[in-house]
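Reader: Can you walk me through the cysteines and one of the sheets here?
Author: Sure, have a look at the model and then we'll get going.

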Amino acid sequence: MSKRDYYDVLGVGKDASKEEVKRAYRKLSKKYHPDINKDADADDKFKEVKEAYEVLSDDQKRGHYDQFGHTDPNQGFGGQGGDFGGGGFGFDDIFSSIFGGGGGRRRDPNAPRQGADLQYTMSMSFEEAAFGIEKEIEIPRDETCSTCTGSGAKPGTSPETCSHCGGSGQLNVEQNTPFGRIVNRRVCHHCSGTGKMIKHKCSTCGGEGTVKRRKKIKVNIPAGVDDGQQLRVSGQGEAGMNGGPAGDLYVVFSVRPHDFFERDGDDVYCEMPLTFSQSALGDEIEVPTLQGKVKLKVPAGTQAGTKFRLKGKGIPNVRGYGQGDQHIVVRVVTPTNLTEKQKDLLREFAETTGNRPDENEESFFDKVKRAIKGD
């Protein structure tokens, strides 16, 4: 199934700014997060939204996507940006197949090789990401067999030289053609190019030299990590081959949305509901922060949409560059289910004010009239 256009996934135009892309991602990721949305396709949609954001929020990746779409321009060329000497089918393979390996390079199959890297997605709460935490995770990985110490041979025995290739790891295959006899050099299929044969295999690993185990690892997560960021844990990947070092483990953070707070960088935003009387007369209220409740003085006449800033009440910067702020946006709550007495008081209030704004303020209707007259 072909992938959907990343811009359609986020519901933004191709000329959308980074801020518009981020706002769309925050809205959709909260909507489809598997911990909140229990629909059967919520997890797939969440991953689709996350993948689209990772591309469109990065200038280089976005430029690449705008030019090539979902197609990889390096496909078929080793995937290394034109490095023909690396993986894939390049010049070395062409020379090897035509001239029997005379122009190619062959890696030593017995040389030490680093193990593969692993990736683990860690789900965590908003507070855990903000303050940091130590977590123990369990991952399945290949580890060096302790019985044979990675040789693959039964204890007390050793791998033997391959009798088919004489330990070279290659076989010469002669072929008669209209141009004469051609000798092709190919990897020995008896020893898989290692030049060694394991006659008596280790009973624990079956000659592989590695065994699959579940490993418990403690991971120290620094304060301030954000959704989609990753942490590299050195040497906790797959076991290396032929005495090579182990790979690394990459822990990718999936931060669950908060019921009250929203994050933008190191800053935290939240809405604070106020009654009509509180916004008109002023009040001192308690406001929740990540560090606990604090008192906030609301001046008389505070309007809906007014923002208050609590300095240093945001999230610590993950690289240690200070701490963000908390921004509080006022939302005035319209009262419902009023009693008759409350209604009478509001009618009296309306009569005294003439149902109009303060005399010093120009009403919306006055502005419209002036615009029509061209004043």
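Author: First, a cut-off: a disulfide is a pair of cysteine sulfur atoms within 2.5 Å. Keep in mind that this is a predicted model.

Reader: Okay, how many disulfides does the structure hold?
Author: Take Cys-188: its closest cysteine sulfur sits in Cys-191, 3.7 Å away, and that's too far for a bond. Cys-202 is in no disulfide either, with the sulfur of Cys-205 nearest at 3.8 Å. The count of disulfides for the structure is zero.

Reader: And is Cys-188 buried or exposed?
Author: The cut-off for buried is under 20% relative accessible area. Cys-188 comes in at 0% relative accessibility, so the verdict is buried.

Reader: What about Cys-202, buried or exposed?
Author: Use that cut-off again: under 20%. Cys-202 has 1% relative accessibility, so it counts as buried.

Reader: On to the sheet: which strands stand at the edges?
Author: Four strands make up an open sheet with mixed pairing, running E10-E11-E15-E14. An edge strand here has a single partner strand, so one of its sides is left without a neighbour in the sheet. That picks out E10 (262-264) and E14 (307-310).

Reader: How much are neighbouring strands of this sheet turned against each other on average?
Author: The order to follow is E10-E11-E15-E14. Ignoring direction, the average turn between neighbours is 30°.

Reader: Which residue in E11 does Arg-263 stand opposite?
Author: E10 pairs with E11 (residues 267-274) in the antiparallel sense, over three bridges. Across from Arg-263, in E11, you'll find Val-268.

Terms used:
Residues numbered from 1 in each chain as written. Predicted model: local features only at pLDDT ≥ 70, side-chain atom pairs only at ≥ 80, totals over all residues. Heavy atoms only, no water. Buried < 20%, exposed > 50% of the residue type's maximum accessible area, 1.4 Å probe, protein only. Pairing = 2+ DSSP bridges. Helix = DSSP H or I, 4+ residues; strand = E, 2+ residues; numbered from the N terminus. Axes fitted to C-alpha atoms, helices over the stretch in contact; angles between N-to-C directions.
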